[in-house]
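Biologist: Could you take me on a close look at the place where the ligands sit? I'm new to this, so please go through what surrounds each of them and which atoms come together.

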Amino acid sequence: MANVVYMNHPLIKHKITMLRNEDVGTNEFRKLVEEIAMLMGYEALADLETVEVNVKTPIEETTQPVIAGKKLAVVPILRAGLGMVSGILALVPTAKVGHIGMYRDEETHIPHEYYCKLPAQIEDRLILVVDPMLATGGSLIDAVDAIKKRGGKNIKCMCIIAAPEGVKKFTEVHPDVQLYIGCLDRCLNENAYICPGLGDAGDRIFGTK
Ligand code: PRP
Ligand code: URA
C-alpha cells in the first residue's frame with residue numbers, strides 16, 4: 001500500500017504509548033494529541049509549497065524560501081479531530097481551517113455527516129484531514145468524499161491510531177490520498193473499537209462520556 005506512511009519516530013511512539021494509558025486525564029490527553037499532531041504534521045507537510053521572498057540580512061539582501069501557508073487547509077473531523085488542529089497551526093499559523101462533522105451510529109457503526117464548511121478555493125489548496133482514530137474507516141472515507149465533492153483534489157489524511165481493517169478499506173476507496181498513521185493497532189473489537197487503542201478519542205479529549 002504505497003500511499004500509507006507509518007510513523008517511525010521514537011518521540012511519536014512514546015507519546016502514543018502515554019496517550020493509551022487510561023489513567024491519563026483530559027488535560028494531559030489533549031496536550032499529547034496536540035504534540036503528536038505536530039510531530040506527524042512535520043512529516044506530512046514535508047512537501048509543503050514554498051515561495052521566494054526578499055530578506056535583508058545584516059550582511060546583504062537575499063532571496064529565500066518561506067512556506068506558502070495560506071495554501072494549506074487543515075480539516076478536522078468533529079469532534080476528536082479538533083484536538084489535532086492546534087498542533088498543525090503551531091507549524092503553519094496561516095493555514096485555513098475547515099470542519100467536517102461526523103458521528104458513528106453506536107449500533108451500526110455507520111458514520112453520519114452533520115456539518116461541512118471548507119475554506120474558499122478548496123480546489124487550489126493542500127488539504128490535511130485530521131482525526132485521531134481510523135477504525136472501520138467509514139468516517140474518514142466519507143469525509144474525503146465530502147471534500148472531493150466540493151472540489152478538493154490534493155488531500156492528505158493524518159490519524160494517530162488505525163486498525164488494519166480501516167486502512168485497507170480507506171486505501172481501496174481513496175487510492176489517490178496519502179495517509180499518515182501514527183501507529184497501526186491489532187484489530188477492531190465487536191463494538192468496532194480499536195484494540196488495544198485508547199478508547200473513545202472524543203470523550204477523552206473533551207471529558208465527556
Ligand atoms: C470517532 C473518531 C473517528 C471515528 C472513527 O468519532 O474520532 O471520527 O470515530 O471510526 P470509523 O473509522 O469506524 O468511522 P466518533 O464517531 O466517536 O465521534 P466524536 O469524535 O464526536 O466522538
Ligand atoms: N472511535 C474512537 O474514538 N475510538 C475507537 O477505538 C474507534 C472509533
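Modeller: Sure! Keep in mind that this is a predicted model. Let's begin with ligand 2. A nitrogen atom of this ligand is 2.8 Å from a polar backbone atom of Gly199. Its oxygen atoms have partners too: one lies 2.8 Å from a polar backbone atom of Ile194, and a backbone N or O atom of Ala201 is 2.8 Å from an oxygen atom of ligand 2. So how much of ligand 2 does the protein bury? On its own, ligand 2 exposes 240 Å², and 89% of that is buried by the protein.

Now look around ligand 2 for its neighbours. Ile194, Gly199 and Ala201 belong to the surroundings, together with Arg104, Met133, Ala135, Ala192, Tyr193 and Asp200. Sort that shell by class and you get six nonpolar residues, one polar residue and two charged ones. If you're wondering where to find ligand 2 on the protein, check the largest pocket: that is where ligand 2 sits.

Next up is ligand 1, and it's worth turning the model to see it well. The largest pocket is also where ligand 1 sits. There are 16 residues around ligand 1, and the ones that come nearest are Arg104, Asp131, Thr136, Gly137 and Ser139. You've met Arg104 already, as one of the residues surrounding ligand 2.

Zoom in on the side chains here. An N or O atom in the side chain of Asp131 is 2.4 Å from an oxygen atom of ligand 1. For the side chain of Arg104, an N or O atom is 2.7 Å from an oxygen atom of ligand 1. The backbone joins in as well, with a polar backbone atom of Ala135 lying 2.9 Å from an oxygen atom of ligand 1. Taken by itself, ligand 1 has 510 Å² of accessible area, and the protein covers 91% of it.

Which parts of the fold supply the shell around ligand 1? Strand S6 (99-104), strand S9 (133-134) and helix H4 (138-149) each bring at least two residues. S6 gives the most, with three residues. By class, the shell around ligand 1 has seven nonpolar, five polar and four charged residues.

To pull it together, find Arg104 and Ala135 again. Both are among the residues surrounding ligand 2. For ligand 1, Arg104 offers a side-chain atom 2.7 Å from an oxygen atom, while Ala135 offers a polar backbone atom at 2.9 Å.

How values were computed: Residues are numbered from 1 along each chain as its sequence is written. Chains are lettered from A and ligands numbered from 1 in the order in which they are written. This is a predicted model: local features need pLDDT of at least 70, side-chain atom pairs count only at pLDDT 80 or more; totals for chains, interfaces and linings use all residues. Side-chain values use heavy atoms; hydrogens and water are left out. A residue is near a molecule or strand if one of its heavy atoms lies within 4 Å of it. A polar contact is a pair of N or O atoms within 3.5 Å; within protein, one must be able to donate a hydrogen and the other to accept it, and residues adjacent in sequence count only if both atoms are side-chain atoms. Accessible areas come from the Shrake-Rupley method with a 1.4 Å probe; for residues, only the protein chains shown count as cover. On a 1 Å grid over the protein atoms alone, a cavity is a set of points where a 1.4 Å probe fits but cannot get out, and a pocket is an open set with protein on both sides within 12 Å along at least five of seven lines; lining residues have an atom within 4 Å of a point. A molecule sits in a cavity or pocket if more than half of its atoms lie within 2 Å of its grid points. Ala, Val, Leu, Ile, Met, Phe, Trp, Tyr, Cys and Pro count as nonpolar, Asp, Glu, Lys and Arg as charged, and the others, Gly among them, as polar. Helices (H or I, at least four residues) and strands (E, at least two) are DSSP runs, numbered from the N terminus.
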